[in-house]
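This report looks at charged side-chain pairs and at strand pairing in one protein chain. The sequence and structure follow, and the discussion starts with the salt bridges.

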Amino acid sequence: MDGFPHQIYNDGACGNINELTLWLARQLPYIEAELRTHGAVLFRDFPVKSALDFDAFSATFGYEDFTYDESFSNAVRINLTPRVFTANEAPPDREIFLHHELAQTPFYPSKIFFCCLSAPESGGETPLCRSDLLFAEFKRQYPDWTDLLAELGLRYTIQMPENDNLESGQGRSWRNTLSVNSEAQAEDKLARLGYEWRWRKDQTLSATTPVMPAIRALSDGSASFFNQAIAVSRGWQRGTGTPTPLTFGDGTKIDDSILEALIAVSHTFSTALQWQAGDVALVDNFRVMHGRYPYAGKSPRQIIVNLAR
């Protein structure tokens, strides 16, 4: 898509992180306006070289932090500062499909900062998709399916292992995901949030969400497919004997043709962001989905993240 994400380049005025944060503070009204218009803004050629630089960059916006520890993210991540952590640590040969961050949980950020410290030799792009435009086009082509998703909502079933599994994109343990120390504490937290659950023989916790909305109304009167339907249907791993990870809110199966149509329409409104070292992207999590393409090569892919409420 032309003009997506909106790109802002360093014209030479910012030679170090202090100059950059001062410049950002002056430009915030302009940046916020472009974010509302485009859903994502890419900053390129600015002096962001470390997690501390990125921390200072994101702090300039004054958003309230949404920390990894308090999230229900089922991905294994590593904190680098209190507000900055690694992106999903799934193996490089695995694709992470389009999704809105943490839309499968009761707690989710409104904005995401991504920063590239090191770009891979091959692959590793971050696909970005305008979910609001996707919704409008899907509704035009498939009004009955759109109404069904709006009426029934979605339920997700998540498998949380006893211990962190670094080989999985959904490998965070139930203790770390729920910030608890015992099965009783886990059950108490899930009950308070309206989840259903069962324990498997290997101490994996299988938890099913309450009904979650499939569609979100946005502040400008538009709407987006604020969910994880594509990521779950394409990428979530299922163990033997585990329930379907995604259903309608009433527990019925979602026909594959609905999900295939959603994926097909998403391609029209997607752009692959090819990273360069030092890049920072600010993404409206309510308006734009993101993912990760597989990557290879000796140069590591180092993408770090800060979430904001």
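Which side chain meets that of Arg 155 in a salt bridge? The model is a predicted one, and in it the partner of Arg 155 is Glu 196, with 3.6 Å from N to O. Arg 155 belongs to strand β8 (residues 154-160) and Glu 196 to strand β9 (residues 196-199), so the pair ties together parts that are 41 residues apart in sequence. The two ends differ in their surroundings, for Arg 155 counts as buried at 16% relative accessibility, whereas Glu 196 is partly exposed, with a relative accessible area of 47%.

The salt bridges of the model come to 14 by count, and three of them are set out here.

| Pair | N to O distance |
|---|---|
| Arg 140 and Glu 137 | 2.6 Å |
| Arg 155 and Glu 196 | 3.6 Å |
| Asp 220 and Arg 287 | 3.2 Å |

The pair of Arg 140 and Glu 137 is a local one: both residues lie in helix α3 (residues 131-141), and because they are three residues apart there, about one helical turn separates them. Arg 140 is exposed, with a relative accessible area of 59%, while Glu 137 has 19% relative accessibility and counts as buried, a class that requires a value under 20%.

The salt bridge between Asp 220 and Arg 287, at 3.2 Å from N to O, instead links two loops. Asp 220 is found in the loop between β11 (216-217) and β12 (223-224), and Arg 287 in the loop between β15 (280-284) and β16 (288-292), so that this pair ties together parts that are 67 residues apart in sequence. Arg 287 is buried, its relative accessible area being 6%. Both residues are also members of a network in which salt bridges with shared partners join Arg 130, Asp 132, Asp 220, Asp 284 and Arg 287.

How are the strands of the open sheet ordered? The sheet has four strands in the order β4-β16-β7-β14, and their pairing is antiparallel. Its edges are formed by β4 (96-99) and β14 (270-273), each of which pairs on one side only, and from one strand to the next the twist averages 15 degrees. In general, the strands of a sheet pair through backbone hydrogen bonds, in either a parallel or an antiparallel manner. Within this sheet, strand β7 (residues 126-130) runs antiparallel to β16 and is joined to it by three bridges, and Cys 129 stands opposite Met 289 in β16.

Definitions and conventions:
Residues are numbered from 1 along each chain as its sequence is written. This is a predicted model: local features need pLDDT of at least 70, side-chain atom pairs count only at pLDDT 80 or more; totals for chains, interfaces and linings use all residues. Side-chain values use heavy atoms; hydrogens and water are left out. A salt bridge is a side-chain nitrogen of Lys or Arg within 4 Å of a carboxyl oxygen of Asp or Glu. Helices (H or I, at least four residues) and strands (E, at least two) are DSSP runs, numbered from the N terminus. Buried means under 20% relative accessible area, exposed over 50%, partly exposed in between (1.4 Å probe, protein chains only). Two strands pair if DSSP finds at least two bridges between them. Axes are lines fitted to C-alpha atoms, for helices over the stretch in contact, and angles run from 0 to 180 degrees between N-to-C directions.
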